[in-house]
There are 2 protein chains.
Amino acid sequence: MTKRFQVVGIGNAMVDVLAASTDEFLAENGIEKGIMQLTDMARGVELYARVGPAKEVSGGSCANSIAGIAHLGGRTAYVGKVKDDQLGAIFAHDLRAQGAVYETALAPRDHPAETGRCIVLVTPDGERSMNTYLGVTEFLTPADIDEAMMSEAEWIFLEGYRFDGPDSHQAFAKAIAACKAGGGRVSITLSDPFCIGRHRAAFAAMLKDHVDLLFANRAEILSMYETDDFDAALEQAALEIEIVVCTDGAEGAHILSGGRRWHVPGVPTKVVDATGAGDLFAGAFLWGLVEGFDLETCGRMGCIGGSEVISHVGARVEADLKGLFRAAGLI
Amino acid sequence: MTKRFQVVGIGNAMVDVLAASTDEFLAENGIEKGIMQLTDMARGVELYARVGPAKEVSGGSCANSIAGIAHLGGRTAYVGKVKDDQLGAIFAHDLRAQGAVYETALAPRDHPAETGRCIVLVTPDGERSMNTYLGVTEFLTPADIDEAMMSEAEWIFLEGYRFDGPDSHQAFAKAIAACKAGGGRVSITLSDPFCIGRHRAAFAAMLKDHVDLLFANRAEILSMYETDDFDAALEQAALEIEIVVCTDGAEGAHILSGGRRWHVPGVPTKVVDATGAGDLFAGAFLWGLVEGFDLETCGRMGCIGGSEVISHVGARVEADLKGLFRAAGLI
């Protein structure tokens, strides 16, 4: 029987505030380049006052992936919390306008926090340094998880960043149980090496006990398995997870499954804004998977998705991804 | 004595909601291509629900010009109303981060309207069709005009769109009186042919009695002087206004002053998003003027400003305009 959803994602709902910046600005403001740092509202406000003119674009790592799947025509839904405010309305609009189902209850207007936002500082090399004020998205609870929706998913896709939310572990547990009870499978992205450091035991238990498909990049998988040996980390992951997919920047991606391993070369692009590269890789890969393509083809689709999104400002896909897949002979 | 401000602008403070669209969508939704249409909140909400994923970028015609002057290092301020809400904060941030002074009193949180926004539908040809919900910016009143600020301006720059606000005529009158009393001069942009039609007598009186420098495009000046003869319209304007500057799309701009006339050729560009072309033309022209460049050079600067802003999404300048002026041998 066809399930209602091919992929249901759970993540931090964020609006990105994208501003051009410099290495000097990052240094002066104590911002580590290329990673995500959590800020409180006060630090977010202070930092925003210092950055130049910006553009606001819906973001959120998992939401970017889900938007990509919706763009490709996949049946997909997203779970993540915004407030009943202007930025929340923007986030909801952009996801629904792309064709994803998005029904998570809004945090009410009297909630003390606002819709989450991420100040993304883009340096001339295209690298992005993210400063995240989680806002209401921190407060996703098990009550926000609709078990019926999870049971109707072929795959759920969990965002590692959500481990920073106080009730996220229970929310994930509820989603996983409902999904698996319905015969669905579980994918996750590690999201960030420092987030792994903050929640190492929870990540380890999750990978070992529940995850069927892992997305990571080089820094994340090294952090997860506490090693400097990339191949060792990949192989260790493959021992406990059925499908391991690890991106490696311009080098493309490695896929390990069933004792086999594939390397998919990167798709060369001029990097304008690296925001969302991993997100669109995962979105395109997942779409390929649920549409029945082999893992290597899924990897090629992922690399095309990632390269499209870094060629412009913002972490949502703009070009016609199916057209790009067609041009590459993948569909 | 050096005045505090070279240019003080007064206009509608808006956040642009930029979405890719098609000619079919415009037709289906009764949107006339290439112009600005006013909507109420309900129509704005309805239309927003129908458009695809969008990007939010600060806009407002005059604010775009002022941001351009600030980008060039000019001493400049902006007057236009936003609410104490998230979009208002974005608008204020982007202007101040560019270096402009922006002190207009915020509409309070309990104001029934919100910060104004403009749904800009960009068709594949780069043309933009604007659907404006004025929100609180409609309610700029004489009380929002700081006479001291106006008297400290070498030039004030008035946005024609503001004629749609109920108290704008008195607000403009107050600003003009204070500016002229301080020895300053008055520039205006006609903004839109249909806005002229809605307020023809007020525009005519303003041009005749107060305006020293007029910005218009072809459609606007033809509408203003109710003729199909472009040269006749230009010459009629030049009879009553000291400096007349009229853009003509890719053809560049015509400048008439003191019985002389110049034509400045357009700067060829691939049009990605035409939003803001006239605004940045005016901003760059005004900067040249207050910096003492001759009118023809000001016109060349204007054409470079306009061509920069249509080469990317959004109506605020992104490239280094002074660098472009230098490359063109203008500075």
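**A sheet shared by two chains, and the helices around it**

In this predicted model, an open sheet of 10 strands runs in the order β3(A)-β8(A)-β7(A)-β2(A)-β4(A)-β4(B)-β2(B)-β7(B)-β8(B)-β3(B), with mixed pairing. Strands (E, at least two residues) and helices (H or I, at least four residues) are DSSP runs numbered from the N terminus, and two strands pair if DSSP finds at least two bridges between them. At the edges lie β3 (36-39) of chain A and β3 (36-39) of chain B, each pairing on one side only. On average, neighbouring strands of this sheet are turned by 25° against each other, direction ignored. Residues are numbered from 1 along each chain as its sequence is written, and chains are lettered from A in the order in which they are written. Local features need pLDDT of at least 70, side-chain atom pairs count only at pLDDT 80 or more, and totals for chains, interfaces and linings use all residues.

Within chain B, strands β7 (residues 116-122) and β8 (residues 128-133) run antiparallel and are joined by 6 bridges. Here Cys118(B) stands opposite Thr132(B) of β8(B). In chain A, helix α2 (residues 41-50) lies across β2 (15-20), β3, β7 (117-122) and β8 (128-133), at about 135° to β8(A). Such angles run from 0 to 180 degrees between N-to-C directions, with axes fitted to C-alpha atoms, for helices over the stretch in contact; contact places two C-beta atoms, built from the backbone, within 7 Å.

Helix α6 can be followed in both chains. In chain A, α6 (residues 168-181) has 14 residues and reaches 20 Å from first to last C-alpha, close to the 20 Å expected, the expected span being 1.5 Å times one less than the number of residues. Its buried residues include Phe172(A), Ile176(A) and Cys179(A), where buried means 20 or more other C-beta atoms within 10 Å, exposed 12 or fewer, and partly exposed in between, with C-beta atoms placed from the backbone. Their cover includes β1 (5-10), α5 (147-151), β9 (153-159) and β10 (185-189) of chain A. After α6(A) comes Gly183(A), with a positive phi near 85°. In chain B, the buried residues of α6(B) include Phe172(B) and Ile176(B), and Gly183(B), just after this helix, takes a positive phi of about 85°.

Ala277(A), in helix α11 (residues 277-290) of chain A, is buried because 26 other C-beta atoms lie within 10 Å. Leaving aside residues up to four places away in sequence, Ala277(A) touches Gly306(A), Val309(A) and Ile310(A).
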